[in-house]
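This report describes a model in sections, beginning with a local strand pairing and moving outward to domains and the contact between chains. The sequence and the structure are shown below.

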Amino acid sequence: MSKKSKKKGAFIIEREYIDDQRIIEPEHLKLEEVDMSGRWGVLVLPRTIEEFNHSLYEEIKNHPRGRNIHKCWQCGNCTAACPVAEENPLFNPRYFIHIVKMGYKLELEKFKDYIYLCGSCGRCSEVCPKGVDPSGVMEAIGTVLRRYKL
Amino acid sequence: MRTENPVLIIGGGPAGLRAAVDLSEMGIEVILVEKRNELGGAPVRWKYKTLAPMMRPTEEVMNPLIEHVEKSELVKVYKNSIVEEAKGNAGNFVIRIKNGLDNRVESLNVSAIIVATGFEHFDARIDPRYGYGKNPNVIGIHELEAMLKSGRVVKHDGQPPERIAFIFCVGSRDRATNPWCCTVCCGVSIKQAIELKEILPDSQIYMIYMDVRTFGLWEKLYWKSMEEYGINYIRGRVSEIYYTGEKLLVKGEDTLVRGPFEVLFDMVVLAVGMEPGQGTKQVAKALDLAINEFGFLEPKHPNIHHDSSKEGIFLAGACVAPMSVEEAIAEGSAAAMQVVKLLHRLAKPIEAR
């Protein structure tokens, strides 16, 4: 029985290249009766996007404030106008909309704590040329993430 | 106003037909030389279903032109023919028309020449990334257009595709192939995606683009496809298409996420660009016309397409630069106008010219 490392996959060489979300560290792993727990059992998921999964996107589209997400064409007016994005580069409403639309769940998990940084000031919705209402979409994403306890 | 010598138009596509219609309506005799065995150019040859951006049936645009030309007593049509040689000056060119079927050669005198030899679609086999010609279900937009027109879009096994990718800029905007933008393939691909969605409402369609260049009023198509038809857009490029024996594994990069993707598709449609065809090259040689670095015919002045490098020879349509059908038709009219101006000038006594 091995101890779980303090940081996920801390023993991995060049660890900083890999996102936390992509490291799978099962506490107990048995393969054909052989105990594979510990370092041997650690998996790194590939970065390659293998599927466009629209289930989360459909849920957000059904949320009253997320219903215009499909109109987004990734111009970036929202992020350019966002006072939070100005302070924190990891808060990027344009990017959040894209990863939701394409269903990149792992990527969304990486940013799950940042989506709530939205202060609902509404500047993004004022400047959006297509009427996406990004501020509403942020709220919808938050709601759906809570639904899945992410 | 009738002249002694008729006007020669090379190419029976939208530009050439429009010029022939305009000149004959002004009472000027026209000789229309077409390399293929039918009139109408690319829209007829590749069986375009509708024309962007208004999605008007191709027949509504092309048939009146074709019918007028075929019925008019002032237009003599030479099908299956090419112009081998042209000598002389504005007002009196001596041309040789060769019939490609029986190799019969005819010499004629013409007063002016309009070159409207159009374009060819890029041959996607030249770019090995897409496996076009090898992978089943990897087709060009020109081939999809004919499928849409027949109302039956199916894979090689006869089943309708569920997930379809369009790849923009195939052969275009790339130094390895053609470094120019073909200007219409974005709009045409989007138009086709909308038509696909109407035939196959449950299909998922992804547009893999570098830029979306739906210029002018064509922008409406782009908005409509996204907002009303739920078509997905991925900014990125495709590096390889691999046929698994059942589906197509499309490898590429989503440049907005900065991440590679490998996703299975049922069908891949390549937005093949436009390039000068053999016809344009042959005419440039036969008429000794200037060509630009890309192989398109070079106008005398930049921004003014209709004057060629030689007096009495005028240019119209996609042999000058990639363009849409609507633009080619307008250029046909513009070239016809220049011919009328020339004939008017030549009809005056020499000292009054």
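## A hairpin in chain B

B:Gly88 has B:Phe93 as its bridge partner in strand 7 of chain B. The model in which this pairing appears is a predicted one. A further pair that involves strand 7 of chain B is B:Ile82 with B:Lys98. Strand 6 of chain B and strand 7 of chain B, the latter covering residues 92-99, run antiparallel and are joined by eight bridges.

The two strands, 6 and 7 of chain B, make a hairpin in which two residues lie between them. In that turn, B:Gly91 has a positive phi of about 100°.

## From hairpin to sheet

Strand 7 of chain B also pairs with strand 8 of chain B: the two run antiparallel, with six bridges between them. B:Lys98, the partner of B:Ile82, is here paired with B:Val105 in strand 8 of chain B. Strands 7 and 8 of chain B again form a hairpin, with five residues between them. B:Asn103 in this turn has a positive phi of about 60°.

Together, the three strands of chain B form an open sheet in the order 6-7-8, with antiparallel pairing. Which strands stand at the edges of the sheet? They are strand 6 (81-89) and strand 8 (105-110) of chain B; each has a single partner strand, so one side of each is left without a neighbour in the sheet. On average, neighbouring strands of this sheet are turned by 20° against each other, direction ignored.

## Domains of chain B

In the domain assignment, chain B is divided into domain 1 (7-118 + 277-352) and domain 2 (122-273). The C-alpha centres of these two domains of chain B are 32 Å apart. Between them, 12 residues of domain 1 of chain B are in contact with 17 residues of domain 2 of chain B. On the domain 1 side of this contact in chain B, eight residues are nonpolar, two are polar and two are charged.

## The UniProt annotation of chain B

An unreviewed UniProt entry lists residues 7-127 and 219-332 of chain B under "domain: FAD/NAD(P)-binding". In residues 7-127 of chain B, 26% is helix and 38% is strand, and the end C-alpha atoms lie 40 Å apart. For residues 219-332 of chain B, the figures are 24% helix and 33% strand, with end C-alpha atoms 25 Å apart.

## Chain A and its contact with chain B

The domain assignment of chain A gives domain 1 (15-44) and domain 2 (55-147). Over C-alpha atoms, the centres of domain 1 of chain A and domain 2 of chain A are separated by 32 Å.

How many residues does each chain bring to the contact between chain A and chain B? Chain A brings 16 residues and chain B brings 15. On the chain A side, helix 4 (residues 93-102) gives the most, with four residues. The chain A residues that touch chain B comprise six nonpolar, four polar and six charged residues.

## Confidence of the prediction

Chain B has a mean pLDDT of 95, and 99% of its residues reach 70 or more. The scores of the model are ipTM 0.86 and pTM 0.91. As a general caution, predicted coordinates should not be read in detail where pLDDT is low.

Terms used: Residues are numbered from 1 along each chain as its sequence is written. Chains are lettered from A and ligands numbered from 1 in the order in which they are written. This is a predicted model: local features need pLDDT of at least 70, side-chain atom pairs count only at pLDDT 80 or more; totals for chains, interfaces and linings use all residues. Domain bounds come from an automatic or database domain assignment. Two residues are in contact if their C-beta atoms, placed from the backbone, lie within 7 Å. Ala, Val, Leu, Ile, Met, Phe, Trp, Tyr, Cys and Pro count as nonpolar, Asp, Glu, Lys and Arg as charged, and the others, Gly among them, as polar. pLDDT is the predictor's confidence in each residue, from 0 to 100. UniProt positions are given in the numbering used here, feature names are shortened, and annotations may be inferred rather than shown by experiment. Two strands pair if DSSP finds at least two bridges between them. Axes are lines fitted to C-alpha atoms, for helices over the stretch in contact, and angles run from 0 to 180 degrees between N-to-C directions.
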